[in-house]
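Trainee: I've got a chain here and a head full of terms. Can we go through a few of them together?

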Amino acid sequence: MSLHSARAAALLAWVNSTKVCPDPLHDLSQLQDCSVFIRIIHKIHRSKEGESVLEQPLPERISFIRGFLQKHCRHKVAAENLVSAQKLVDGEELALAKVAVLLLYHTSMSCKSPGDWNEFDYETQVELASILKFVLDNEESLNENLEPFLLRKAPPSSSGTSSSSFEEHSPPHSLPHKREVRFLELQKIASFPSTNNMLSSPPSSPMGDIMQTPQFQLRRLKKQLAFERENRDGLEVELAENRKLIMEKEAQITMMQQRIDRLAKLNEKQAADQLEPKEMEELREKNESLVGRLHEAFRQCQDLKTEKAQMDRKINQLSEENGDLSFKLREIASHMVQLQEALNELSEEHNAALAQSQEKQGQLENELHAALQDKKSSEEKIEILQGKISLLEDQLAKLEDCSSQEKGEVMGDILKLEELKQEVSSLATKGAELQATVLRLEEEKQLREAALQSERGRFEEEKQQLSSLVTSLQSSLSESHRAQEKLEQDLQARDAEGQA
């Protein structure tokens, strides 16, 4: 079974968008040597590691790629079994597509991933968003579901929804009295303490929509927090090594102090034995040299202790910040679960209300159409009757000079004329009533349309509130990450000085 053409084209468009190869690729088979994948990984890490791997044979390149995926995927065992090394060596397009999917997912989750998706056309964004949504929904069962998803056959979704229906995360609408209660929950979450210095703009593309969903943002925050924890563990290991180095320096200082003490005693003994001035001068020079080295060692030890104290404070501060972020993440995750349930409930209520409103609006339109038809018919009858009345009035005017007998003969026409006038009056009254009914129906229709429009605006505002909250958490994690990077640079600088 061949690959799903639209998804394969979307993956290829994303690979070309990374601009890691000079010429655009036109087929997944061009990824067989895995050099493009390594360049993408190198671009994500911003390190020199990928350049040396490019010079190695294909098996070593594949081993590097699989190691990267195992390290950064949520389930390492699943990632190990997901991509077959032999199939990559054989250049199987399905295996190459799997690697592209995992790299797309990791790049989108990374803080350093590109945020501008507008360079893709709408259809490509829809396919890329469906791929991200599928991985989010099937992290626990990628081994079973990824192949059917990439092939033409549609896979069973573990979440009970289609993997391409990323639109389900767009904000639902509901009735005003329910919406006000849910909006208070949004305000409660949005007022959570954070260092938010940015305002996120509402998504303007399918990829923007999927990346602004609570599910995607929560997964990205968890991934960043795990990365911060790994950095902290590394710093703690390096701190332990520095403590060991300080203890070794202190032991060296103790040994030098003992040697100085021995030399001082020997000096005193030689002075007592009245040694030659030349020998005394040599001993004095050695003593002064050892004292200078001792002072220098004391100074280095003091500097190391000062740096150790500063590093301890930074580590403690960083641990507190990570603890705060972990607490915030747990609380916001709980709120997001509650919010998702509330949004699902609101969506169901809104769908029912929308169906009822559409049915009512259809009835109003039918009534309006019937009223307009009746009005038109009445106006036509009034025009006909008025024409008849004018004709009869003209005839009666001509008969005024006739004899009384002739007037008696036309008495019936006069009565007929009076009946026509009464019928015209009745039709005019009915026309006025129909006009009032038309105005009422049109006004009711406009009010319903205005209410629906207002409700859509309110839910869009709530969506922006949630986006602002997620952005604030990302800002907090970024600040913590910058603090750890600065601490790491300080440690590297200190190590370089120690080796010198």
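Trainee: What makes Asp121 a cap for the N-terminal end of α8?

Mentor: Keep in mind that this is a predicted model. In it, a side-chain oxygen of Asp121 sits 3.4 Å from the backbone nitrogen of Glu123. A polar contact needs N or O atoms within 3.5 Å, so that pair makes the cut.

Trainee: How do you know how α8 compares with its expected span?

Mentor: Helix α8 covers residues 122-137, 16 residues in total. From first C-alpha to last it reaches 22 Å, close to the 22 Å expected at 1.5 Å a residue.

Trainee: And why is α8 called largely enclosed?

Mentor: Buried means under 20% relative accessible area. In α8, 14 of the 16 residues are buried, so the rest of the structure largely encloses that helix. Over the chain of 500 residues, 38% count as buried.

Trainee: What other elements does the chain have?

Mentor: The chain has 15 helices and 0 strands.

Trainee: Which helix has the lowest mean pLDDT, and which the highest?

Mentor: Helix α10 (residues 176-190) is lowest among the elements of the chain, with a mean of 40, while α1 (residues 5-17) is highest at 93. The chain averages 76, and 77% of the residues score at least 70.

Trainee: Where does pLDDT stay under 50?

Mentor: Over residues 154-203, and the model has 100 contacts beyond four places in sequence for that stretch. Where pLDDT is low, don't read the predicted coordinates in detail.

Terms used. Residues are numbered from 1 along each chain as its sequence is written. This is a predicted model: local features need pLDDT of at least 70, side-chain atom pairs count only at pLDDT 80 or more; totals for chains, interfaces and linings use all residues. Side-chain values use heavy atoms; hydrogens and water are left out. Helices (H or I, at least four residues) and strands (E, at least two) are DSSP runs, numbered from the N terminus. Buried means under 20% relative accessible area, exposed over 50%, partly exposed in between (1.4 Å probe, protein chains only). The expected span of a helix is 1.5 Å times one less than its number of residues. A polar contact is a pair of N or O atoms within 3.5 Å; within protein, one must be able to donate a hydrogen and the other to accept it, and residues adjacent in sequence count only if both atoms are side-chain atoms. pLDDT is the predictor's confidence in each residue, from 0 to 100. Contact means heavy atoms within 4.5 Å.
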